Structure formats: C-alpha cells, structure tokens
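Good morning, and thank you for making time for this. I would like to take you through one structure, and I will go slowly enough that you can follow each part on the screen.

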2 protein chains.
Amino acid sequence: MALESEVIGALTRARAAAPRMALATTAEKNSALKNLAGAIRASAAKIIAANRKDLKRASDDGRTGAFVERLTLNSARIEAMAHSVEEVAALPDPVGGVIERSTRPNGLEISKVRVPLGVIAMIYESRPNVTIDAGALCFKAGNAAVLRGGKEALETNAFLANLIAAALKDGGLNPDAVTFISNVDREVIQIMKQQVELIDLIIPRGGKALKEALKGSPVPILPHFDGLCHTYVDRAADLKMAMEICVNAKCSRPSVCNSMETLVVHREIAEKFLPAFAARMKAAGVELRGDERTRKIVPEACAASDEDWDTEYLDLILSIKVVDSLDEAIAFIERHSSHLADAIVTADAEAARRFEREVDSATVYVNASTRFTDGFEFGFGAETGISTNRLHARGPMGLNELTTYKYVIAGNGQVRG
Amino acid sequence: MALESEVIGALTRARAAAPRMALATTAEKNSALKNLAGAIRASAAKIIAANRKDLKRASDDGRTGAFVERLTLNSARIEAMAHSVEEVAALPDPVGGVIERSTRPNGLEISKVRVPLGVIAMIYESRPNVTIDAGALCFKAGNAAVLRGGKEALETNAFLANLIAAALKDGGLNPDAVTFISNVDREVIQIMKQQVELIDLIIPRGGKALKEALKGSPVPILPHFDGLCHTYVDRAADLKMAMEICVNAKCSRPSVCNSMETLVVHREIAEKFLPAFAARMKAAGVELRGDERTRKIVPEACAASDEDWDTEYLDLILSIKVVDSLDEAIAFIERHSSHLADAIVTADAEAARRFEREVDSATVYVNASTRFTDGFEFGFGAETGISTNRLHARGPMGLNELTTYKYVIAGNGQVRG
C-alpha cells in the first residue's frame, strides 16, 4: 500500500501539471530546454560521479561489456545529451500546428490542430540518455512525462531527472511536468498500468520481461519492442550494392533493433553472392546459421533451427534462407518479421514495387540498409524510440508522434438543419 | 468452448482475408461497393421483411418509441443506405496515399504512405445502417471487418451482412473480408476482446453496458462513447445568435451524442438571456434543471443535483449553470465534459481564442452548434462514428482514420555511417 500511494502520488502530481504544460508557450519551453542543456554541461563532473556508482554496481553484479558500454556516460556522451536538448529546442513546436483546414459550404471553418497527448509514461531500460531525450521531447510537445528508468541506471537517471526538474522550475514551469519514479520495485509497473485516469499513454522501451509485465495493460501502450529485420537480396540485385547493404545492416551495430537478423537470398544469385558474403561475415566475426540450400553453398554455416527464424539475436549472428521466388521471400518475411524494418536489394522496379506494397512493416527499404530506421536519420531531430505499434504512431517517434489533435470550428451562428 | 471456437473461427476467417484485402485495387473495391448499392435497392422488400421480424420482437419486448424509431427501416432509409454506399465508392481511396515525402541529405527518399489497419471489429447497437456504413468504410480502407451488431437488430443486420458478402464475392473479393457474427451471447464480446492476434482494433459504439464489457480489453479500443456537451454563452455573446445555437444544440436531435446537455451562462448576461431562452425551452417541451442562480432567474427550473452535471440525458432535459467568468466556465467544462464537443458563443475574440485553446475536447466550437460534430458535416463523406479517444483518432472517423501508415524508403545503396 505504501508503494501504491507513492506511485499514485507521483502520477497525480504529473497529471496535475499537465493542463498548464499543455498551454506553455514555445518560448517558455525552449527557455527551459536551454537551461537544461546548460545544466547538463555545468554538471558534467557530477553526472559522471553518479554514473560511476551505477557502473560500480554493474561491475559488482558481473555485467557484460555491451551492458556496461550502454550504461557508461563520458564527457563526449554528456556533450551529446546537451546538444540533443538544444536540437529539441530548435525544432518547431508541434503544439497549435494546423494539420488541415477546410471551409464547409455552410461557412464553418474547420481546423485540425495539434495538441499534447496529456500524461506520457516512459518505461525504459539501461541507457541513461533516454531520461534526457524522452523528458525533453515529451515536454517540448506540451505533455507531462513520468519517467521510470531501469534500476541499473538509477543513480545517473535520478541525477539527470533532477536537472530537468530544476530547468523547468527556473523556466517558470512546474517541475512535476517531468516526474521521475526512483522506486525500482518491479511492482511499480503493475501499479502504473492500472492508472487509466492518470496516464494517457505508456511508451515502453525494453526487452521481453517488460513486454510480459505490460501484457493486458488497461492503459494504452505504444510499444518500442522487437526488431527482427530482414534483407532480401533479389535475383536482380546489384551484388556489390547488396554486399555493402548487408554488411552494414548486420555489422554496424548488431545490438540495436534495426540491425539485420535474417538474410533472404534468391536461389538464382545465391551461389554467386553467398560465398563472398560469408567471407566478409567471417572476417567480421559473424556466426552464420543457414537452411539446407545455404549450407550447400556455405558449408561452414551451421544448421538453422525453426527457432532461429524467429530469434532477434542482437548479436554477431545471422541466419540465412534461400528462396525460389519473390513471392516466397515476401511470404517468409511476413511470417517471421517483427515488422519494424525490412529491405529488398534489387534493380527490378516491379519487384521493388511489390515488396514495398506487400511487406507490411513500419519501414520498408529498397536498396538501402535497415539501419536507417531511426528518428534522427528520418530528420525528426530526436526520437523517443521506434514504435512497433500499428495504431497512433508507427516507426520512428518524434515530436509530432507525441501529440494528438482536436478540431477547432469557427462559425458565425451556424446551426444544423 | 463451442462459442469460443465459433467466435475464433469467424475472426480467423477475417484475419486470413486481410492481406489480400489490403492489396485490393480501388477499382475492385469500388466495383464491390456499386454491387452492394444495387443489391440494397433490389432487396428493399426483403430488407423490410427482415426488419419487421426485429420490430415485432421489439414490440413484444415492450420497447419504447425512440428505440423502435432507431431500429426501423423504410424505403427512404434503405435508399439512404444505398446512396451512402455510392458515396463511399466516390470517395478517394486512402490506401497508398502519400501523407508526407522527404529527401534526406544522403539521398534517401522517405515516403509516409497510408496502409490499412488490418482487422477492425465493430461492436454496435441498435441502428442497422451501421452494418452497411461500417462494413463499406472498413473495406474501402482496405481492412477486413468483423461486425457484431446488437441482438435487437439481428435479423436486419444478418440480412444486410449477407448482401455485403455477396457483393464482395461478385466483385472477386473474399466475402470473409466482412464477417458478421450473428451469435448474440454477451460472452462473445469477452472472447473477442482477448484476441490480440486476430483483431487489430475494436471500435465500440454503444452505451454504458458495452463500455463496461470492454474494460481492460487487451485488444486496443477506439471508443465511440459518451457525449456530454456544453454550450457556454459568454458575456460578450450576440444573444440572438446564442438563442438559435442553444435551441439547435438541445432540440434538433436530443437522442444523439453531439446534442447539448448543459448550458453555461455568464452572470452578466444571465438575466437578459435566460428568461427568453427558458420560454423557448418550455415551448419545445424541455425540462430545465438549474443551479441556485439560474433558479432565481428561471423559477420553473428544478434544482440540479451534483449528478446532473455529469449526466448525459440524451433526452429533452437541460441543466443550466451560471458562472462568474470565462475562467470558471472553462474550469467547469473541463471538469464535467465528456470532451466530445463543447461550444462558446461570444463576440470577444480573446475569449474565443482562450476557449479554443483551453477546452480540451475533440471538437471545440466558436459561435456554432455542437450538433455539427459528425463525419458527414465535416466533409468526410461517411463515418463509422465519433471517436472519444485521444490516441490514433479523435472526433469524427472517416476513411483516413481507419488506416495506419508505413514508411517506404527508396535508396541507391545507402548504408549508415
């Protein structure tokens, strides 16, 4: 009960801050953002000190290199956070923007106007820059935010959240507009997901445990979950281009959701493409797992199990499938993709057109790497992450995706007949 | 278990029909719609015969006039259904429409393209035209639809659903793309709301019982629920205009969600406005319930209880509140509105601007009747209803609101640095 009142208390403060936040002017919000960027730079030493406590705990717990790497802040990363806040300040304010406007025959002027969503709860893991990025984006879009980071980054997150609260206060805004929940009890999420009156949207960024914890949530969820991405090398592919795209999609950052997990190859070019590609993968330290036809061409690949086609490795592992046709490639991708990002490499315009239409993923690429699925790369200036939802927002999430709209109708006495 | 397999069987058929439906051409969809309009006209006598069975049951059950009125089909209403289907055919196909396009500095061309949502389940009550309107809209937007109408209109709905299936089949499309569930067991809804793999979105149109039945649904819901609408007559209102707007908002169709339930009046004009308005209400047979200040001016009004301010009458009843200021009016509306439609009548541009910004409702009117909150009046050509949600779509729902989007990215070998 103590935990429940603690969580509900925090959410109630955020809800109370939301109406004023929704009406904050662009100048007020940008001034708070500039305060925040300054405070991040001025507090670099303290941020690093807080981060060291998290790193010590991670090391005591025997955490691995990739985990520690994601958790670590250094002066370059702190500068990057400050810079990202300035970039959010420089972005146009979405609130009040007119999406569409029409005048009806009866003279009514109908404007569809962007407005904040309300209270957004971000539940995230590990990387502490999410505290700054998500906090800054949510309040630039006029929302109140509730941030609930992972326990592994607690010290760093709590310090950064205090900087946000101070920046809001210095800017004349309510510090509760970005409320940080520092209690790391797992039960916190169970309490949060029941608060339909206090939270308008939960944005979870994390792995399977978080997905499981939020199942059946009465509060709407905009999941940022799985990335099981494919690249299909068509028979009409430029094989040199295919090579660079596949190497980039697999190797440039294997631990992130937009990296390639499965390569699909048309049988007509498999014998020409796979041996050289396998050599590049070997050089990059990538373990290969293939179907029977792949293994005939690449004997060093081990046999892929049924499970492999549905596994997001997030690691230097790649599964390879040889197909007879574009149809088979599309059907295979539709069955196994997490629908985040899938690519075709082809010089055949008709094959490209079919792939674009028939692969039902948030981002569908023709002749480019799936690694571009990212708010910065899309030109959104910043992102809370990448939505794997079909409703409300799909793919990279920027400021606009953190808003809803209302219709404002101006009349001069119209009544309905 | 028999019921569960029946419902899951129907949903599975709809899910299987969805991918082909998503790729249906505009010509295919419009041809099916034209078949449907023709079939509705050709079957008018049979539709009326089916409808008579529903009307007989309603009469046996001792249903009231308004209920029977909503349920009844006659030749004019059947012609209106056929015409509405033709209007949906005439609307532009949303699928494939490019919402935004940009070219990134690296040459990637990013297009945000409208695509169908997938499988939409409509759960609705009483009016049988919803079967035709929702079915036609869902499949024009490339979705598969599952229709679950109320038991009171079962015969009519089932007959109309058969016409849709036949029209799809004649048009070379899969009749399962609009699947009707004829089992009226209440448990059907409980089974449906658990099928996160089979349904992408539930659109419920109905009253409190339906709202209650869908609470905590794991399948996302786009509710079409309460309409507790206000009109605020400001001290700077043109009182003649205010009179016509208020009479229209209350009396033109009191049983629908966009009609006015509460009038809010600035004290400075209350004595001038209310007596004449009360006389008009009396003439129209409207019962008045007021706060103390209202009752000093309109003694025939009975006392409004706390409950009145939160009651959607959907009837010839109106509650009236006198306020001291625009601030009080906005705060009162924010507290009691269902946030569907609220209006201000004022000649003061600054008051209008504040009301527009600060009243957080799906549709906010200045100097017009709330009765315009309707897809047809907004120029959408047709509607599934009016969303009372903040996420995905808010207010009147037309074809665009039944879609989502994906990003299609065209490159020429780009890889991420």
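I will begin with the contact between the chains, go on to the sheets, and end with the helix packing and the domains.

Please keep in mind throughout that this is a predicted model.

Let me start where the two chains meet. On the side of chain B, 54 residues are in contact with 54 residues of chain A. If you look for the elements of chain B that give two or more residues to this side, you will find β2 (109–116), α10 (239–251), α14 (349–358), β13 (363–368) and β16 (403–414). Which of these gives the most? That is β16(B), with 11 residues. As for the chemical character of the side of chain B that touches chain A, it has 24 nonpolar, 17 polar and 13 charged residues.

Staying with β16(B), I would ask you to look at its strand partners, one from each chain. From chain A comes strand β13, residues 363–368, which pairs with β16(B) in the parallel sense over 5 bridges. Within that pairing, Thr363(A) has Tyr407(B) as its bridge partner, and Val364(A) has Val408(B). From chain B itself comes β2(B), which runs antiparallel to β16(B) and is joined to it by 8 bridges. Here Ser111(B) is a bridge partner of Val408(B), so to speak the residue that we have just met opposite Val364(A).

The next item is a sheet that draws on both chains. It is an open sheet of 10 strands with mixed pairing, and its order is β1(A)-β2(A)-β16(A)-β13(B)-β12(B)-β7(B)-β8(B)-β11(B)-β9(B)-β10(B). What stands at the edges? These places are taken by β1 (98–103) of chain A and β10 (302–303) of chain B, and because each has a single partner strand, one side of each is left without a neighbour in the sheet. Further in, strand β9 (residues 287–290) of chain B runs parallel to strand β11 (residues 317–323) of chain B, and 4 bridges join them; in this pair, Arg289(B) stands opposite Ser319(B). Packed on the sheet is helix α11 of chain B, residues 267–283, which touches β7 (229–233), β8 (260–266), β9 and β11 of chain B, and whose direction makes about 145° with that of β8(B).

Chain A also has an open sheet of 4 strands, in the order β5-β4-β3-β6, with parallel pairing. At its edges stand β5 (178–180) and β6 (201–205) of chain A, each with a single partner strand, so that one side of each has no neighbour in the sheet. On average, and ignoring direction, neighbouring strands of this sheet are turned by 20° against each other. Strands β3 (residues 119–124) and β4 (residues 144–148) of chain A run parallel and are joined by 5 bridges, with Ile123(A) and Arg148(A) as bridge partners. Helix α1 of chain A, residues 2–22, packs on this sheet and touches β3, β4 and β5 of chain A, its direction making about 150° with that of β4(A). Helix α6 of chain A, residues 129–140, lies across β3, β4, β5 and β6 of chain A and runs at about 165° to β4(A).

Now to the helix pairs. In chain A, the axes of helix α2 (residues 26–42) and helix α7 (residues 154–170) come within 8 Å and cross at roughly 135°, which means that α2(A) is oblique to α7(A). The crossing is right-handed. Among the residues making this contact are Leu36(A) of α2(A) and Leu163(A) of α7(A), and by class the contact divides into 9 nonpolar, 1 polar and 1 charged.

In chain B, helix α3 (residues 44–60) and helix α7 (residues 154–170) pack at an angle of about 150°, with their axes 7 Å apart, and α3(B) is therefore roughly antiparallel to α7(B). Lys46(B) and Asp54(B) of α3(B) and Glu155(B) and Phe159(B) of α7(B) are among the residues in contact, and the classes here are 5 nonpolar, 2 polar and 4 charged.

Finally, the domains of chain A. The assignment gives domain 1 (2–224 + 384–410) and domain 2 (229–372), and 34 Å separate their centres, taken over C-alpha atoms. Their contact takes 5 residues from domain 1 of chain A and 7 residues from domain 2 of chain A.

Terms used
Residues are numbered from 1 along each chain as its sequence is written. Chains are lettered from A and ligands numbered from 1 in the order in which they are written. This is a predicted model: local features need pLDDT of at least 70, side-chain atom pairs count only at pLDDT 80 or more; totals for chains, interfaces and linings use all residues. Two residues are in contact if their C-beta atoms, placed from the backbone, lie within 7 Å. Ala, Val, Leu, Ile, Met, Phe, Trp, Tyr, Cys and Pro count as nonpolar, Asp, Glu, Lys and Arg as charged, and the others, Gly among them, as polar. Two strands pair if DSSP finds at least two bridges between them. Domain bounds come from an automatic or database domain assignment. Axes are lines fitted to C-alpha atoms, for helices over the stretch in contact, and angles run from 0 to 180 degrees between N-to-C directions. Angles under 35 degrees count as roughly parallel, over 145 as roughly antiparallel, 65 to 115 as roughly perpendicular and the rest as oblique. A crossing is left-handed if the near helix is turned anticlockwise from the far one by less than a right angle, and right-handed if clockwise.
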